[in-house]
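Me: I would like to learn how to read the domains and the ligand site of a model. Please take them one at a time.

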Amino acid sequence: MAQNDWKKSVVYQIYPKSFNDTTGNGEGDIQGIIQKLDYLQYVGVDYLWLTPVYESPMNDNGYDISNYYKINAQFGNSDDLKELIEQAHQRDLKIMLDIVINHTSTDHEWFSEAYSSEDSPYRDYYFFRRSVNNAPPTNWESKFGGNAWKYDDKTEAYYLHLFDVTQADLNWDNPQVRNELYDIINYWIEFGVDGFRFDVINLISKGEFKDSEKIGKEFYTDGPRVHEYLHEMNRRTFGDKDMMTVGEMSSTTINHCIKYTNPERQELSSVFNFHHLKVDYIDGEKWSNAKLDFLKLKEILMEWQLGIYEGNGWNAIFWCNHDQPRVVSRFGDDSTEALRTSSGKMLAIVLHMLQGTPYIYQGEEIGMTDPHFTTIDQYRDVESLNAYKSMKLKGYNESEILEILGQKSRDNSRTPIQWSNERNAGFTSGAPWIDIPENYDKINVETAIADKNSILHVYRKLIKLRHEHDIVTYGSVEPLYMNDENLFIYKRHYNGTTWLVVANFSKSSIQLPKDLNIEGETIIQSGQCENGTIDGFGAIVIAQ
Ligand code: GLC
């Protein structure tokens, strides 16, 4: 692909632990990815993003890195990664690594050095602060629950951890830290990777350590020096290379995201934001059980589409990842096979016709569902287990908690890929590290390939449309009928061509607006759209 062609590409996210196990230990590995490259080429995607494969105690499944230069033995070694890159390149697939540099694991040698002595040169790699009146330095909350500072008796100081206590935040204000981090990125560029996903990268500039009226976010989200640091990182590492980068932005704003991605500023290629996925929260609280607020979903998606386009920035667009529940269960309907299929296709069409780089999370392309776990023993995720404890303390009863986890837990998307209807869904010959949903006998890759009407074939077609029609990549977006309670309707415009996208988010058939012109050539369709009505979960794209 030529420079800039990354804009026309589609990324497939691999969660290696749940992808494909070749050793029988119940966890996926890099050789397992190599085995499935032909399948990924068949799906038609351009980039593979691997969530972290570095050495790690795996308290947060690899987002707690203890050595940035080493591959976690659980996944293989650096020769395996080399082989993966080579084999991927032979199939025109590119590899993006996940770079987690807001924090390290407390098992990292920098932290061990820093923790044990106040005089260590590594002390200033992290944020160690004395207590204030026997209390933590600030009242900020960790994103995984509890106060964000952990006390260390030995040096009578606290260190900052915005995530788990084993994930200590790095001090980017220290130029030595930045040098070390740029060295790491350059090492992987040399190694041969084609791009990077930067974990919670808008949290790296911490600002002032002051008590917050909320949970502290306002001090470190899109912090005071974040743009300066990202520009510096760009210049010192990938900036002059033909590489695609995407930054994960927590609780960010459109204005910041324009700055992060407008090419003139030389920061990143694209950004993820999560506002459109908080539309089933109650008052911003994730651990709640709420229905989708459809009008809000449309409003947020469209606000970002228009805002980022206007500012010449670039969005990454997605429904699913390893931190989010499965979208068919969440915004679609997985209660029957027919509804699962129609809603899975509709959601794919709506997303892939938007502007930005689409991300497909492993298993999404076959419409994998949440596992609907029924006991707490089935959960593995540190955030979910903390939330369980904290909801218990708040007095919720077991069944309420399980219902909330069933809707929101990150483990919903972390169950292994369902490859076939063989034992353990063809994922492992051993005991899988997390339970596999029972529906694997019907929902699996083998069945999806064989069934020409499966969700998978819609994804394949959507990827092809993006590659073949510039309107999908470059066209402007015109939101329509924003107050319609069931229909998601918008147009794309490019060089005198218009594409109309109509999707029905309800399971019943719906009357189309009387003044909507649906004449034209059908580009892709799922369900019927005729005589002024569209099928339940139907979707259609028409060139006009
Ligand atoms: C990101 C990752 C998530 C991880 C967190 C801390 O949000 O996607 O899985 O727990 O960062 O690294």
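Reply: Domain bounds come from an automatic or database domain assignment. For this chain, the assignment gives domain 1 (6-104 + 174-377 + 413-463), domain 2 (109-169), domain 3 (378-408) and domain 4 (475-543). Residues are numbered from 1 along each chain as its sequence is written. The model is predicted, with local features needing pLDDT of at least 70, side-chain atom pairs counting only at pLDDT 80 or more, and totals for chains, interfaces and linings using all residues, while side-chain values use heavy atoms and leave out hydrogens and water.

Me: How many residues do domain 1 and domain 3 each give to their contact?

Reply: Contact means heavy atoms within 4.5 Å. The centres of domain 1 and domain 3, taken over C-alpha atoms, are 24 Å apart. Their contact takes 20 residues from domain 1 and 20 residues from domain 3.

Me: Which residues come nearest to the ligand?

Reply: A residue is near a molecule if one of its heavy atoms lies within 4 Å of it. Here 14 residues surround the ligand, and D60, D199, E248, H322 and D323 come nearest. Domain 1 and domain 2 each supply at least three residues of that shell.

Me: What is the distance from a ligand oxygen to a side-chain N or O atom of D323?

Reply: A polar contact is a pair of N or O atoms within 3.5 Å; within protein, one must be able to donate a hydrogen and the other to accept it, and residues adjacent in sequence count only if both atoms are side-chain atoms. For D323 the distance is 2.5 Å. An oxygen atom of the ligand is also 2.9 Å from a side-chain N or O atom of E248, and for R197 the value is 3.1 Å.
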